[in-house]
Amino acid sequence: MVKLTSVRADQILDSRGNPTVETWVSGGPGEFRAQVPSGASTGKHEALELRDGGMEFGGKGVLRAVSNVNGAISETICGKEFSGLREIDSAMIMRDGTPNKSALGANAILGVSMAAARLISSENGSELFQFLSSFSGRDPVMPVPLLNIINGGVHAGGELAVQEFQIVPSGFVKFSDALRCASEIYQHLKTHLKKKFGPLAVNIGDEGGFAPPVSRTAEALDAITVAISEAGYSPGKEVYLAIDAAASEFYRNGKYRMDGMELEPAELSDHYLSLASKYPLVSIEDPFDEEAFDDFAAFRAAAGKRLQVIGDDLYATNTSRIRLGIEKKSTSAVLIKLNQIGTVSETVDSTLLAIGAGMNTVVSHRSGETADDFIADLAVGTGTGQIKTGAPARGERVVKYNRLLEIERKHPEIGFAGHSVFSR
Ligand code: PEP
Ligand code: MG
C-alpha cells in the first residue's frame, strides 16, 4: 500500500524558455520530484496540455495546471491508501473525467504520476527502472539511442522539411561505446558543417542538433555520412541513419511539400524508398500525415523488413489509436511519449500493447524538455530497446544519456539491445 502525504506543484521553465509544471510528492520514504516536457510538433490526438492563455508568457503559463495539482489532485489522492501506481493514476483519470485529460490537464496529472512512481520505487528499495520493469513485467535492456544531430522542421529556423536527422549507433556491444561513437560523430559533423557552410551553420535547433543552411533531405544525410566516415566509422556497419519526417507539419491539401516538390502519398513513398536505397536508413518516423493509417500501411508493406516505420503523431501513445494501427498493419513500431497520454500506467499499457502485437517501441523525449531523466529509466525498465532523446549535447538531452551511462555502470548485467532490435 502507498500513501501520499502531500502533493504540490510549481511553474518552472522548460528548455525553450516556456513555462512547464514541476511536481513534488511526499510520503513514507521522503519527497520526490518530476518535471513535465512539452512538444512543438504535437499530434492532434495528444492528451491536453493545459495552458493559461492571456498575456503572461504569451498565453503559455501553466498556473491553472499547477493549481489543479495543488487543489483537485491533492484532494483526490492525499492521505488515502492506494495499492500502487495504477490506482493512483486511475484516481486522477476518474477525477478528470474527460477522454483527453482536458479538465485537469495532462501536464498536471503526469507530473504527479511520475513523482509517485519515484516514491513507490524508493519505498520498494529499488531503482526507478527496476520498479518500471516489475510494473511492466519486462526484462531491463539498455536501449539503442537514436540521436538527432541535424534539426529541421518546426525544431529549427531552416528550410529542411524533415524534422529530425538521427544517427543510430547500433553496432556496438555496450551503450557507452554507442554513445561515445555518437559524440565523436557530432563533433566531426560540427567541423564539417563549419568548413562547408561557414560558422553560422553550427547554430543549433531545439533538440541540440545543428541547423545548417541546407534545404534538401539528401544534403543533410550527405553531411552526416561524411561526419561518420571522418570520425572513423562506417555508415551501415556500426552506425546507421534514421529520420523523423513529422510529415503532418508539411502536409497541405492532400500533398506533401518536401525537397522542392509537391508529392502525392505514393510519390512520397517512392521518394523515401529512393533515399533508403542510397543511405543506410534503418528507421523512418511519421512519414505521412497523422490521420493517414492507410498510407502508412502501404509504405510499410513496400519497405518490407528493410525499414522500421514508427508512428508518433499517428498514435499519440494512445491505445485505441495503436489498436487501429495494429489492425491496419500501419507501422512496425510505436513512439512512446509520457505526456502524449498523461500517466505512467497508460504509457506502459501502450508499450505492452505494441510489443504484444509484435511491434517495436521507442521511448522518446519532447522538443521542449527539462532536466528530468525519467525516460532513461522508462526505456531500460520497459525493455523497449530504443530511445530517442536528442543530440549528445545540451543539458536537458545529455541528462538522459548520462543516466543511461550510470545504469550501465551500476548494472553491467543489463545487456545492450544492439542492431538485432531492427530485425525483430
Ligand atoms: C517528435 O516529433 O518526435 C518530437 C520529439 O518532437 P515534439 O516533441 O516537438 O513533438
Ligand atoms: Mg516525431
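Which strands does helix α5 lie across? In this predicted model, helix α5, made up of residues 175-197, lies across β5 (144-151) and β6 (164-168), and its direction is at about 10° to that of β5. The legends below take up the barrel, the metal site, the aromatic rings and the salt bridges in turn.

**View 1. Eight strands form a closed barrel with mixed pairing.** Followed around the barrel, the strands come in the order β5-β6-β7-β11-β12-β13-β14-β15. Neighbouring strands of this sheet are turned by 25° against each other on average, when direction is ignored. Strands β5 and β6 of this barrel are the two strands across which helix α5 lies.

**View 2. Strand β11 runs parallel to β7 and pairs in the parallel sense with β12.** Four bridges join β7 to β11, while three bridges hold β11 (residues 281-285) to β12 (residues 308-311). Within these pairings, glutamate 285 is the bridge partner of aspartate 244, and glutamate 285 also stands opposite isoleucine 310 in β12. Five of the five residues of β11 are buried, and the strand is therefore largely enclosed by the rest of the structure.

**View 3. A magnesium ion (ligand 2) is coordinated by three acidic side chains, Asp244, Glu285 and Asp312.** The donor atoms are OD of Asp244, OE of Glu285 and OD of Asp312, and they lie at 2.0 to 2.2 Å from the ion. Along the chain, the donors of the magnesium ion follow the spacing D-x40-E-x26-D. Two of these donors link distant parts of the chain, with aspartate 244 in strand β7 (residues 240-244) and glutamate 285 in strand β11, 41 residues apart. Although separated in this way along the chain, aspartate 244 and glutamate 285 are bridge partners in the sheet. Aspartate 244 is buried, with a relative accessible area of 1%, and glutamate 285 is likewise buried, with a value of 2%.

**View 4. Phenylalanine 288 and phenylalanine 299 form an edge-to-face aromatic pair.** A search of the whole structure finds 11 aromatic pairs, and in this one the ring centres are 5.8 Å apart, with 70° between the planes. Phenylalanine 288 lies in the loop between β11 and α8 (293-303), whereas phenylalanine 299 belongs to helix α8, so the pair ties together parts that are 11 residues apart in sequence. Both rings belong to buried residues, phenylalanine 288 having a relative accessible area of 1% and phenylalanine 299 one of 0%. The two residues are also members of a cluster, linked by ring pairs, that includes Phe250, Tyr251, Tyr256, Tyr272 and Phe296.

**View 5. Aspartate 206 and arginine 16 meet through their side chains in a salt bridge.** The structure holds 30 salt bridges, and in this one the N to O distance is 2.6 Å. The pair links distant parts of the chain, since aspartate 206 is in the loop between α5 and α6 (217-230) and arginine 16 is in the loop between β1 (2-13) and β2 (19-27), 190 residues apart. Aspartate 206 counts as partly exposed at 23% relative accessibility, and arginine 16 is partly exposed as well, with a relative accessible area of 28%.

**View 6. Lysine 101 and glutamate 346 form a salt bridge between two buried residues.** Their side chains meet at 2.9 Å, N to O. This pair, too, links distant parts of the chain, with lysine 101 in the loop between α2 (85-96) and α3 (106-123) and glutamate 346 in helix α11 (residues 344-356), 245 residues apart.

**View 7. Lysine 400 forms a salt bridge with glutamate 369.** The closest N and O atoms of the two residues are 2.7 Å apart. Lysine 400 lies in helix α13 (residues 395-410) and glutamate 369 in the loop between β14 (360-364) and α12 (374-381), so that the pair ties together parts 31 residues apart in sequence. Both lysine 400 and glutamate 369 are buried. Elsewhere, salt bridges that share partners join Glu127, Asp377, Arg403, Glu406 and Lys410 into one network.

Definitions and conventions: Residues are numbered from 1 along each chain as its sequence is written. Chains are lettered from A and ligands numbered from 1 in the order in which they are written. This is a predicted model: local features need pLDDT of at least 70, side-chain atom pairs count only at pLDDT 80 or more; totals for chains, interfaces and linings use all residues. Side-chain values use heavy atoms; hydrogens and water are left out. Two strands pair if DSSP finds at least two bridges between them. Axes are lines fitted to C-alpha atoms, for helices over the stretch in contact, and angles run from 0 to 180 degrees between N-to-C directions. Contact means heavy atoms within 4.5 Å. Rings of Phe, Tyr and Trp (its six-membered ring) pair if their centres lie within 6.5 Å; planes under 30 degrees apart count as stacked, over 60 as edge-to-face and the rest as tilted. Buried means under 20% relative accessible area, exposed over 50%, partly exposed in between (1.4 Å probe, protein chains only). Donors are N, O and S atoms within 2.8 Å of the metal (3.2 Å for Na, K and Ca); water is not among the atoms, so sites may look incomplete. A salt bridge is a side-chain nitrogen of Lys or Arg within 4 Å of a carboxyl oxygen of Asp or Glu.
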